[in-house]
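Trainee: I should like to take a close look at a single part of this structure. Could you please guide me through one helix and its surroundings?

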Amino acid sequence: MAAILQVRNLVKRFGGVTAVNRVSLSLEAGKIYGLIGPNGSGKTTLFNCITGIEASDSGAVGFKGRRIDGLKPHQIFHRGIGRTFQIIRVFPELTALENLLVVTTGDFAPARQRAEELLRFVKLEALADEYAGNLSYGQQKLVEFIRVLMTDPELILLDEPAAGVNRTLLNELLEAVKALRDRGKTIFLVEHDMKVVMGLCETVFVLDHGEKLAEGPPGVIQADERVIEAYFGR
Amino acid sequence: MKHWTRWFPPALALALLLLSVYPLWATGYGIRVMLQLFMWIALAQSWNLISGLTGYVSFGHVAFFGMGSYATAILVVKGVAWPLAAVGGGVMAVVLAFVIGWPCLRLKGPYFAIAMLGLNEVLRVMASYFEGLTGGGLGLSLPTLDASVRIYYAMGLVAVAVTGLTYLIVTSRFGLRLMTIREDEVAAEAMGINTFRYKIYAFLLSAAAPGIVGGLAARDMGYIEPISVFPLVTTITMIVMVLFGGKGTIWGPVLGAVILFTFQELVWAHFPHAHQVLLGAIIVTVVLVMPRGILGVLQQKYNLPRTV
């Protein structure tokens, strides 16, 4: 199957720090991919470069066979890449429902119907008209998660979806991610929780100091000497 | 708070009806006072459109007022009928907003606020400099005309129109998108919202009414000069009215304008030097005690819809 996302030799520097250093990777449609690495290894920066929030210094990003590097974030979103953030970024003074509606285009009625379905799906329908800023951390996380589903993107980047979410909620979230995969969506997630990564992902990429250290199935990655060294030292 | 929503529309209709027949028995002074109140509602409401909704604070919004004043005055002197000239003032203000907004709104953050502060100063100096067109520091005198009652209706119409426009915007997806810029611009971009385009739209809309009322005010005063139509204190008053009433709401700017203008007429007129001190004190108090303004506090407390 052809790659849905292709990153080639991507470089991003911040002053003297090379946050992402010649990273290449390729994602196939309909699979769940993981991105791990110690703090500061460039995971979020890589996500930001893919979604256009940061401009890369060199290299290329291709989505469905067309280059997307250099496009604005909103253009990349409309090509079919949605994302969530490591630090929650709901719109606090919009209600939960409005947070979902605002990202839609076209007819209002079907958008509203979909928003209500998604709120029911994460059991937040009773809080639809509550300002998002008044919701708990976990609830805000769910709102952000379903917000990305409103427009049905083909590739979904999740930046630490499990952080700060309780176990019950987390299991539901992971089921939702699997269901998305079964519907043909591609998921790419950054996660520190190894149980989540190992249980969910088909392929895992490891970043260290901005460079791709390893790539492979979870079992192989877990046993990889270099990965263990990157996390725990020699 | 349910009964609130029931009596509000008829009360509003009654108020509008009373205001529309007010000139039948009003004194000349009363009409002048009311048309100024309408002007302040239109100005505060316009500032709210860009700064209350998108969070991009304009420290130079009086620039559009001054632009409208000069454009209208010049057109009137050239023989154009004043209502048409005032519309011309609105158009010129929108053109100015486009010229300044196109480069400045591409940037995220505080650059826009600083650019707007500079814009007003630059325009004031330019109005003094281009004597051939503007009369320079001597100002421009318009032909004498008693049109207070007609200007009263024109100002009222603009105030109603901007408030109506705000209602339409705040209750639409367009308005929600403007608010996402205030809430989190990076997230808005990442969720597919072309924030630059929406900021430009809001800015152009927010410049039109100040341009028109600037023109109407010029016709009403009959004489304008650079310092009378580009005063920084006008921008500050707009800001205070909106912050006091509730930024980002529909009725907050109206409420803020009515309360502060009434206060100004009753109290400050007797203590002219206390004017700026009091404005400053209100800013500090509002920011510290109720940063959301009167309506903002009520909305939060009772979880009211944004339309109240």
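Mentor: What follows is a close look at helix 8 of chain B, beginning with one of its residues and moving outward. Please bear in mind that this is a predicted model.

Helix 8 of chain B covers residues 173-190, and B:I181 is found in it. Is B:I181 buried or exposed? The count of other C-beta atoms within 10 Å of B:I181 is 24. A residue is called buried when that count is 20 or more, so B:I181 is buried.

Which residues surround B:I181, once its neighbours within four places in sequence are left aside? B:I181 is in contact with B:T54, B:G55, B:A188, B:T195, B:Y198 and B:K199. By contrast, B:G68 stands 28 Å from B:I181, C-alpha to C-alpha, and the two are 113 residues apart in sequence.

Several of these names return when we turn to the packing of the helix. Two packed helices are described by the angle between their axes and the distance between the axes. Helix 8 of chain B packs with helix 9 of chain B, which spans residues 195-221. Their axes are 10 Å apart and meet at an angle of about 160°. Because an angle over 145 degrees counts as roughly antiparallel, helix 8 of chain B is roughly antiparallel to helix 9 of chain B. The crossing of helix 8 of chain B with helix 9 of chain B is left-handed.

Which residues make this contact? From helix 8 of chain B come B:R177, B:L178, B:I181, B:E185, B:A188 and B:E189. Helix 9 of chain B contributes B:T195, B:Y198, B:K199 and B:A202. By class, the residues of this contact of helix 8 with helix 9 of chain B comprise five nonpolar, one polar and four charged. B:I181 therefore takes part in the contact between the two helices and is also buried, with 24 other C-beta atoms within 10 Å.

Finally, one may step back from the helix to the meeting of the two chains. How many residues does each chain bring to the contact between them? Chain B gives 15 residues and chain A gives 20 residues. On the side of chain B that touches chain A, seven residues are nonpolar, three are polar and five are charged.

Notes: Residues numbered from 1 in each chain as written. Chains lettered and ligands numbered in written order. Predicted model: local features only at pLDDT ≥ 70, side-chain atom pairs only at ≥ 80, totals over all residues. Helix = DSSP H or I, 4+ residues; strand = E, 2+ residues; numbered from the N terminus. Buried ≥ 20, exposed ≤ 12 C-beta atoms within 10 Å, placed from the backbone. Contact = placed C-beta atoms within 7 Å. Nonpolar A, V, L, I, M, F, W, Y, C, P; charged D, E, K, R; others polar. Axes fitted to C-alpha atoms, helices over the stretch in contact; angles between N-to-C directions. Parallel < 35°, antiparallel > 145°, perpendicular 65-115°, else oblique. Left-handed = near helix turned anticlockwise from the far one by under 90°.
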